[in-house]
Amino acid sequence: MIEAQGLVKRYSTRTAIEDISFRVERGEILGFLGPNGAGKTTTMRILTGYMPPSAGSASIAGHDVVYDALAARQNLGYLPENVPLYPEMSVVGYLDYMARLRRVSQRREAVARAMEQVHITDRADDRIGKLSKGYRQRVGLAQALLHSPPVLILDEPTVGLDPRQIIEVRELIRSLGGERTIILSTHILPEVSQLCQRIVILNQGRIAAVDTPQALTARLQGSQRIYLEVAQPTPETAVALAEIPGVEQVQAQGQGVFDIQHERDCDLRQSIAALVVERGWGLLELRAVRMSMEEIFMQLTTQEDTTTVIEPDGEIPTAEEELVTTS
Amino acid sequence: MHTALTIARRELAAYFVSPIAYVVTAAFLVISGYLFSIILITSRQASLEGLFFNITVVLLFIAPFMTMRLLAEEQRSGTIEVLLTAPVRDWEVVLGKFLAALGLFAVMLLFTLTYSLMLWRLGGNPDWGRVVSGYLGLCLLASATLAIGTLASALTDNQITAAVIAFAILLLLWLIGAAGNVATGAASVLQALSISDRYDDFARGAVNLADVVYYLSLTAGALFLATRVIETRRYR
């Protein structure tokens with residue numbers, strides 16, 4: 001549905017993106033992830049035909065975005081970053097205008113349906129300039145949905161919204177997936193893992209990784225880690241833990257906290273629990289540590305050494321943990 | 001073309017929700033109304049010739065304000081991104097914006113028809129041929145000046161800058177003929193380029209093909225350049 005091949009965008013002084021290639025299949029939701037300046041918006045602007053690439057090509061629903069631009073644009077809805085709108089127009093006036101530009105047949109119905117989809121029917125006659133950020137975002141989304149395009153490109157669709165609005169917009173995007181092909185960019189990491197079937201991580205204008213959220217998590221966990229906290233550690237605790245078959249490394253982090261690395265595909269929590277109870281060290285906490293999207297992201301986009309596992313640094317990772325027990 | 005008209009319609013509506021259209025129209029009517037009555041009282045002739053000349057000068061001053069917003073504001077606010085990613089051609093955007101400005105000027109001119117009406121009702125018998133050619137000339141002159149304003153607005157995302165650029169270009173084209181007084185050798189060439197000298201014959205009731213072609217090509221040239229500017233913006 002969407003295809004990008006070797007996209008390059010050079011400005012006079014710098015290269016914004018370099019050799020970006022990917023495919024998005026019909027009905028798929030693809031997430032663009034990357035720090036600011038990584039090239040997310042540039043890539044989207046090329047896909048939407050706002051700017052041509054310096055090299056490479058892209059197509060939307062089989063139409064080249066440069067050589068068959070009008071057909072490509074007819075097939076896509078675009079929500080630009082910061083949602084630029086005309087403040088002096090009414091919601092319904094603006095949507096009617098965009099529907100005219102897109103040559104939507106049965107404009108009135110299309111505008112009503114789009115407003116219904118994003119729940120702004122009650123604000124139809126309000127001036128856009130007087131709307132809150134959340135409502136403006138919805139107007140932008142309605143504009144992108146007007147002509148029921150098969151492809152949606154959303155640049156940071158949830159930025160600047162309050163938590164309830166974020167959930168609403170995510171629900172909307174999820175409900176649109178399946179029939180529509182969607183690319184969205186965000187810097188909120190749990191958002192991509194919740195919404196997207198595949199993630200493209202961009203860093204400094206290049207693709208750092210493309211995969212499913214699950215595969216990315218798995219791929220980056222060369223070895224598994226377990227967090228253990230006991231009440232009465234003894235000097236031989238670390239040694240005894242290291243002797244459990246499958247354990248690769250034990251790090252004592254003070255105050256009875258141990259960071260245990262073990263081989264993949266084996267769950268050592270039971271044997272560790274048994275050992276701790278047997279020796280009477282007083283089990284306080286035991287859980288598998290999964291790397292959060294944040295950590296994966298940091299790993300892929302931090303340049304120094306992309307192979308080192310990030311240390312918890314005394315701070316407990318927050319996402320996707322499994323609590324096993326407390327004593 | 002359909003798309004250009006859609007854009008023109010929105011832009012025209014935008015003129016009338018902001019104070020700009022009212023302020024410009026009011027200023028235009030106050031000045032032209034004052035000039036009309038002064039000229040009528042002093043000359044006691046049922047003629048609009050003097051008024052037409054003065055309107056061209058007023059146009060020089062108000063055209064930059066009518067066009068400064070057109071493309072500059074879209075570029076500043078980013079709405080151009082939505083516009084250019086809709087199935088719209090660049091020239092349709094430029095033409096639509098230009099037509100809106102021309103439409104606003106047409107509304108302003110419509111009010112001045114009352115002057116001819118007054119001449120007639122007061123028992124005068126104006127030379128209708130001259131009135132018609134004068135209005136035709138005004139429309140052509142306005143289309144050239146507003147097209148230049150549209151071009152200036154495409155060049156920047158700042159409305160003030162756009163107005164200054166438009167005014168500078170217009171003033172140069174206005175005064176270029178005056179240089180003929182000094183550079184006598186090139187006088188005819190310089191006068192041929194002048195946007196104001198070209199109007200003389202229209203006011204006197206003569207419609208020359210050369211003058212019509214001059215204004216129309218100036219309009220087309222400025223709009224063509226504006227389209228290219230928008231195109232190259234995509235590359236920046």
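Let us start with chain B, which has 11 helices and 0 strands; here helices (H or I, at least four residues) and strands (E, at least two) are DSSP runs, numbered from the N terminus. Along the sequence, its pattern reads α-α-α-α-α-α-α-α-α-α-α. This is a predicted model, in which local features need pLDDT of at least 70 and side-chain atom pairs count only at pLDDT 80 or more, while totals for chains, interfaces and linings use all residues. Residues are numbered from 1 along each chain as its sequence is written, and chains are lettered from A and ligands numbered from 1 in the order in which they are written.

What is the overall form of chain B? Its C-alpha atoms fill a box of roughly 55 × 45 × 30 Å along the principal axes. The radius of gyration, taken over C-alpha atoms, is 19 Å, which agrees with the value near 18 Å for a compact globule of 236 residues; the globule rule is 2.2 Å times the number of residues to the power 0.38. Of those 236 residues, 42% are buried. A residue is buried if 20 or more other C-beta atoms lie within 10 Å of its own, exposed if 12 or fewer, and partly exposed in between, with C-beta atoms placed from the backbone. Contacts also span the sequence: among those in chain B between residues at least 6 apart, 77% join residues at least 24 apart. Two residues are in contact if their C-beta atoms, placed from the backbone, lie within 7 Å.

Now for the meeting of the two chains. In the model, 18 residues of chain B are in contact with 21 residues of chain A. On the chain B side, helix 1 (2–17) and helix 5 (79–85) each supply at least two of the residues that touch chain A. By class, this side has 8 nonpolar, 7 polar and 3 charged residues. Ala, Val, Leu, Ile, Met, Phe, Trp, Tyr, Cys and Pro count as nonpolar, Asp, Glu, Lys and Arg as charged, and the others, Gly among them, as polar.

Next, the interior. In soluble globular proteins, nonpolar side chains tend to be buried together. A nonpolar core is a set of buried Ala, Val, Leu, Ile, Met, Phe, Trp, Tyr and Cys residues joined through C-beta atoms within 7 Å. The largest one here has 135 residues, and those with the most contacts inside it are A:Tyr94, A:Leu95, A:Ala142 and B:Ala166. Not counting residues up to four places away in sequence, B:Ala166 touches B:Ala63, B:Pro64, B:Thr67, B:Met68, B:Ile148, B:Gly149 and B:Ala152. Apart from this core lies another of 14 residues, among them A:Ile226, A:Leu241, A:Ile260 and A:Trp281.

Chain A offers a sheet to trace. It is an open sheet of 4 strands in the order 2-1-4-5, with antiparallel pairing. Strand 2 and strand 5 of chain A stand at the edges with a single partner strand each, so one side of each has no neighbour in the sheet. Two strands pair if DSSP finds at least two bridges between them. Strand 1 (residues 2–10) of chain A runs antiparallel to strand 4 of chain A, joined by 5 bridges; A:Ile2 has A:Ile60 as its bridge partner, and A:Glu3 stands opposite A:Ser59. With strand 2 (residues 15–24) of chain A, strand 1 of chain A pairs over 6 antiparallel bridges, one partnership being A:Arg10 with A:Thr15. These two strands form a hairpin with 4 residues between them.

Just past strand 4 (55–60) of chain A, in the loop before strand 5 (63–64), comes A:Ala61. Its phi is near 50°, a positive value in a residue other than glycine, and with 18 C-beta neighbours inside 10 Å A:Ala61 counts as partly exposed.

How far should chain A be trusted? Its mean pLDDT is 83, and 86% of its residues reach 70 or more; pLDDT is the predictor's confidence in each residue, from 0 to 100. Within chain A, confidence is highest in helix 3 (residues 91–101), at a mean of 94, and lowest in strand 15 (residues 322–325), at 38. Over residues 303–327 of chain A the pLDDT is below 50, and this stretch has 34 contacts in the model beyond near neighbours in sequence. Where pLDDT is low, the predicted coordinates should not be read in detail.
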